[in-house]
Amino acid sequence: MECSSVSVLGILLVFPLLHNLVTVSGQNLPAVGLFTFGDSNFDAGNKKFLTSAPLPQNFWPYGKSRDDPKGKFSDGKIVPDFIAKFMGIPHDLPPALEPGTDVSRGASFAVGSASILGSPKDSLALNQQVRKFNQMISNWKVDYIQKSVFMISIGMEDYYNFTKNNPNAEVSAQQAFVTSVTNRFKSDINLLYSSGASKFVVQLLAPLGCLPIARQEFKTGNNCYEKLNDLAKQHNAKIGPMLNEMAETKPDFQFTVFDFYNVILRRTQRNMNYRFSVTNISCCGVGTHNAYGCGLPNVHSKLCEYQRSYLYFDARHNTEKAQEAFAHLIFGADPNVIQPMNVRELMVYPVNEPMREFWEDPMDEKLSLVQY
């Protein structure tokens, strides 16, 4: 009798439950940490500690759903906050740069405007974020780091800036740029791995050409800017194979990949299936797509009446409603959305065990299209 790979994985995941004495109450999950790296999508409020300039995300209407702006690029909580809650962490994930903050269950090292190849002075490139983690590494025991979850979301700034600065770039130049970004990305992940991390969650890029800021700046109207989408697709296509190779050569390297591109695309193309009335313009801002000036004191931004009906809160970032949905997918969805395992499964997968399943190209495997 044949046994499916999912069944085998289910059997394997039983073993760590017998050995983890400290677990999240009621969930049989190990009480481990969450560490996030990347750009404004995961920034828990770090940027305000890198500049004295007033930042729009520190002011209303950011935080509108909670009536409490905290330096996050949303009307409320962001994906890592929800993941932390699902993991049994009793508070939102704190910004690592905040003096005296409680980092016992992990922290966010992500900073707005961060990129892979280099960032402005009031931000930290991914490599700098990893080095900051290493400066703080004495806060956690070695085995705690090894069992904890490391989430990364970055690359948006690299490709957006490249497209703005090189609007007529040839295909060969685009390919060379993607290769330089992904090679550096691999190097930074290796640096985290050499610091003791072993469980990685990588969020793929969204369809960047569909962001309200791209539609507005490139004047595409109701259409997405496909040149930017193509760069995102080229980048995303390299991530799974890259992580597969790392897992095959490093026996204790474990990972999963969140297909953020298609998650956003489905909500853009079939918005009412997900109860979003508006997916092409922002809730907050000015311009053809409300993609400029949200939170800036000298801009009279428009503000939508009901943010939960919008996919985007500002020019580049999703509403709290959308972020909560993404977090549920990351934590517990099937391989159509996150593969080869979701975060709940990654948490309980035995440390130092080699991967039993790897990332597979959905086009090759023809994975069933389930609505998520």
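Two strands are taken as paired where DSSP finds at least two bridges between them. In this predicted model, strand β6 (residues 199–203) and strand β7 (residues 254–258) are joined by five bridges and run parallel. Within this pairing, Gln 203 has Phe 258 of β7 as its bridge partner.

**The sheet and the helices packed on it**

Strands β6 and β7 belong to an open sheet of six strands, whose order is β4-β3-β5-β6-β7-β12 and whose pairing is mixed. The edges of this sheet are held by β4 (106–108) and β12 (338–339), and because each of them has a single partner strand, one side of each is left without a neighbour in the sheet. In general, strands of a sheet pair through backbone hydrogen bonds, in either a parallel or an antiparallel manner.

Helix α7 (residues 171–194) lies across β3 (34–38), β5 (149–153) and β6, and its direction runs at about 155° to β6. Helix α11 (residues 320–332) also packs on the sheet, where it touches β5, β6, β7 and β12, and its direction makes about 140° with that of β7.

**The contact of α4 with α7**

Helix α7 also has a helical partner, since the axes of helix α4 (residues 126–135) and α7 come within 10 Å and cross at roughly 5°. Angles under 35 degrees count as roughly parallel, and α4 is therefore roughly parallel to α7. On the side of α4 the contact is made by Leu 126, Asn 127, Val 130, Arg 131, Phe 133 and Asn 134, while α7 contributes Arg 184, Phe 185, Asp 188, Leu 191 and Leu 192. Sorted by character, the residues of this contact divide into six nonpolar, two polar and three charged.

**The disulfides**

A disulfide is a covalent bond between the sulfur atoms of two cysteines. The count in this model comes to three disulfides, and with the bonded cysteines numbered along the chain they follow the pattern 1-2, 3-6, 4-5. The table sets out the distance between the sulfur atoms and the torsion about the S-S bond for each pair.

| Pair | S to S distance | S-S torsion and hand |
|---|---|---|
| Cys 210 and Cys 224 | 2.1 Å | about 105°, right-handed |
| Cys 283 and Cys 304 | 2.0 Å | -80°, left-handed |
| Cys 284 and Cys 294 | 2.1 Å | about 100°, right-handed |

The pair of Cys 210 and Cys 224 links distant parts of the chain, with Cys 210 in the loop between β6 and α8 (212–217) and Cys 224, 14 residues apart from it, in the loop between α8 and α9 (226–249). Both Cys 210 and Cys 224 are buried.

The pair of Cys 283 and Cys 304 likewise links distant parts of the chain, 21 residues apart, with Cys 283 in the loop between β8 (278–282) and β9 (284–285) and Cys 304 in the loop between β10 (302–303) and β11 (310–312). Buried means under 20% relative accessible area, so that Cys 283, with a relative accessible area of 1%, is buried, and Cys 304, at 8% relative accessibility, counts as buried too.

In the pair of Cys 284 and Cys 294, which also links distant parts of the chain, Cys 284 lies in strand β9 and Cys 294 in the loop between β9 and β10, 10 residues apart. Cys 284 and Cys 294 are both buried.

Methods: Residues numbered from 1 in each chain as written. Predicted model: local features only at pLDDT ≥ 70, side-chain atom pairs only at ≥ 80, totals over all residues. Heavy atoms only, no water. Helix = DSSP H or I, 4+ residues; strand = E, 2+ residues; numbered from the N terminus. Contact = heavy atoms within 4.5 Å. Axes fitted to C-alpha atoms, helices over the stretch in contact; angles between N-to-C directions. Parallel < 35°, antiparallel > 145°, perpendicular 65-115°, else oblique. Nonpolar A, V, L, I, M, F, W, Y, C, P; charged D, E, K, R; others polar. Disulfide = S-S within 2.5 Å. Buried < 20%, exposed > 50% of the residue type's maximum accessible area, 1.4 Å probe, protein only.
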